[in-house]
Amino acid sequence: MTNNNRSQWDLGRFIQTLTYFEVIPFVNWVQDLIQGRPNSSQNIPDGAKQVGVILVAGATGGVGQRVVKRLLEQGYKVRALVRDIDKARSILSDKVELVVADITKPETLTPLVMANIQAVICCTAVRVQPVEGDTPERAKYYQGIKFYQPEIVGDTPENVEYQGVKNLVEAAAKYLPKAGEKLLFDFTKPSTELKNTWGAVDDVVMGGVSQSQIQLVEETALFAGNVSTANSGGFASVRTKNFAPPFNLSGYEGVELRLRGDGKRYKFLLRTETQWDGVAYSYSFNTEANTWIDVRIPFAQMIAVFRAKSLKDSPQIDQSKICSFQLMLSKFEYDGELNPQFSPGGFALEVESMKAYGGVNLPQFVLVSSAGVTRPGRPGINLDEEPPAVKLNDQLGGILTWKLKGEDSLRESGIPYTIIRPCALTEEAGGKEFILEQGDNIRGKISREDVAKLCVEALQQTKASNVTFEVKQGENTASYIDWQRLFSQLQPN
């Protein structure tokens with residue numbers, strides 16, 4: 001019996017493929033209706049920010065709560081590091097992943113707490129309250145310490161502001177991506193979301209009978225199956241659903257795969273349009289049997305194709321809107337040429353991770369410190385003109401002195417960082433213009449809402465990398481903020 005007559009085309013699998021990728025919207029709508037599934041648009045993967053998580057320490061505090069809220073509004077995944085999970089549940093959105101840990105106890109900063117982080121925002125601080133006590137809502141505290149006699153309760157400034165920050169910095173350094181890299185898929189951390197993002201697209205869509213699947217096993221994604229040339233077929237692949245919004249990989253050089261293959265030659269493809277059968281950009285790579293290798297795929301070397309036919313006049317890849325990714329084993333290379341490493345039958349390709357490389361240096365650790373940290377003991381300082389925190393530094397356990405040492409631990413870590421030193425914090429609504437200075441001479445006030453806004457925006461600004469600055473609010477309301485210009489005025493440390 002010849003290969004071409006061995007198998008019959010599977011109509012059911014053809015429909016299943018198109019349904020999974022929502023190529024036939026009406027069929028998906030009927031299935032959702034019959035099976036009572038939520039609207040499929042709720043399950044569209046978000047490539048813009050839903051890769052890795054932002055770890056927020058001090059998430060139940062006045063600034064931390066607002067940071068978490070703003071991150072969620074902008075589409076980030078958020079993991080809140082908390083000591084009291086019941087308190088955190090009563091304060092934070094149910095969309096936040098809660099992990100119990102204490103930065104003053106480094107043994108609690110476990111791989112489970114730190115896994116898959118792409119950045120850290122640290123808003124932790126010692127607990128300061130009026131000597132005479134406070135309301136359950138901390139109403140006196142939120143007036144600012146110039147209105148009461150303060151005291152430290154609970155842990156000491158040395159433990160929280162210095163040793164705790166240092167512990168968190170050292171733990172984060174082990175798990176954050178390398179500078180200039182962006183993790184796209186980490187298959188060592190399997191999840192339902194990851195599993196539901198990828199699906200098989202085999203030559204059944206063209207009448208063939210090849211079969212493949214992707215499984216998350218043993219901390220890898222296993223792309224495996226059987227490829228057949230029957231019915232003029234000859235390819236098997238796995239592809240992501242379209243991301244909305246797409247991945248923005250502007251400024252990166254390409255994609256790097258960490259994989260182990262079987263000696264065959266595969267293709268990596270990406271698309272910048274959401275059409276099911278449209279233009280793709282392709283790159284072929286060889287594997288070494290049973291050997292882990294890193295494969296770098298420069299965007300500049302990817303070939304624009306339509307069904308394995310190269311397109312000579314196609315535009316360059318728009319790296320700001322990468323909608324989907326695909327891995328393929330194909331009989332064909334390009335324009336009718338055969339894949340020199342192809343043979344029908346079983347195959348297996350394990351992928352550990354996909355990441356963008358060669359990118360710009362964005363901050364990966366944002367630390368909320370305080371204006372005035374360098375002033376205690378500074379020659380020429382007139383304490384009568386200084387904020388209460390500077391005047392009371394010794395009385396409050398050297399709070400500003402230890403904050404400065406916490407800053408230093410971050411500056412010395414090698415992690416790209418932003419250190420924000422706000423002036424007196426208020427409960428005002430925010431929305432004022434920002435006044436940024438360096439040198440630690442500034443006085444004024446700023447709302448916690450606006451400090452949270454700065455923390456989140458810093459994550460996307462190259463000019464915010466490796467800078468320390470003080471900030472207060474201006475008199476005018478800011479209807480628009482040019483973030484790039486705002487951070488461009490700062491000098492790196």
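The following exercises, with worked solutions, concern the sheets, helix contacts and backbone details of a predicted model.

Local features require pLDDT of at least 70 and side-chain atom pairs pLDDT 80 or more, while totals for chains, interfaces and linings use all residues. Residues are numbered from 1 along each chain as its sequence is written, and side-chain values use heavy atoms, with hydrogens and water left out.

**Exercise 1.** Determine the strand order of the open sheet of 8 strands, and identify its edge strands.

*Solution.* Helices (H or I, at least four residues) and strands (E, at least two) are DSSP runs, numbered from the N terminus. Two strands pair if DSSP finds at least two bridges between them.
- Step 1. The order is 3-2-1-4-20-21-25-23, and the pairing is mixed.
- Step 2. Strand 3 (97–100) and strand 23 (432–437) are the edge strands, each pairing on one side only.
- Step 3. From one strand to the next, the twist averages 25 degrees.
- Step 4. Strand 4 (residues 117–122) and strand 20 (residues 365–368) run parallel and are joined by 3 bridges. Val-120 has Phe-365 of strand 20 as its bridge partner.

**Exercise 2.** Describe how helix 6 is placed against strands and against helix 9.

*Solution.* Axes are lines fitted to C-alpha atoms, for helices over the stretch in contact, and angles run from 0 to 180 degrees between N-to-C directions. Contact means heavy atoms within 4.5 Å.
- Step 1. Helix 6 (residues 157–175) lies across strand 1 (53–57), strand 2 (78–82), strand 4 and strand 20, and runs at about 170 degrees to strand 4.
- Step 2. Helix 6 packs with helix 9 (residues 399–411) at an angle of about 10 degrees, the axes being 8 Å apart. Helix 6 is therefore roughly parallel to helix 9 (angles under 35 degrees count as roughly parallel, over 145 as roughly antiparallel, 65 to 115 as roughly perpendicular and the rest as oblique).
- Step 3. Residues making the contact include Tyr-162 and Val-165 of helix 6 and Trp-402 and Leu-410 of helix 9.
- Step 4. By class, this contact of helix 6 with helix 9 has 7 nonpolar, 2 polar and 5 charged residues (Ala, Val, Leu, Ile, Met, Phe, Trp, Tyr, Cys and Pro count as nonpolar, Asp, Glu, Lys and Arg as charged, and the others, Gly among them, as polar).

**Exercise 3.** Classify the packing of helix 3 and helix 10 by angle.

*Solution.*
- Step 1. The angle between helix 3 (residues 62–73) and helix 10 (residues 448–458) is about 50 degrees, with axes 8 Å apart.
- Step 2. The two helices, helix 3 and helix 10, are therefore oblique to each other.
- Step 3. Among the residues in the contact are Val-63 and Arg-66 of helix 3, together with Glu-449 and Val-451 of helix 10.
- Step 4. The contact of helix 3 with helix 10 comprises 7 nonpolar, 1 polar and 5 charged residues.

**Exercise 4.** Analyse the open sheet of 7 strands.

*Solution.*
- Step 1. Its order is 8-11-18-13-14-16-17, with antiparallel pairing.
- Step 2. Strand 8 (198–200) and strand 17 (309–310) each have a single partner strand, so one side of each is left without a neighbour in the sheet.
- Step 3. Strand 8 pairs with strand 11 over 3 bridges in the antiparallel sense. Ala-200 stands opposite Val-238 in strand 11.

**Exercise 5.** Locate the cis peptide bond and the positive phi of Asn-116.

*Solution.*
- Step 1. Ala-244 and Pro-245 are joined by a cis peptide bond, with omega about 0 degrees. Pro-245 is in the loop between strand 11 (235–240) and strand 12 (254–260).
- Step 2. Asn-116 is not a glycine, yet has a positive phi of about 60 degrees. Asn-116 is in the loop between helix 5 (111–114) and strand 4.
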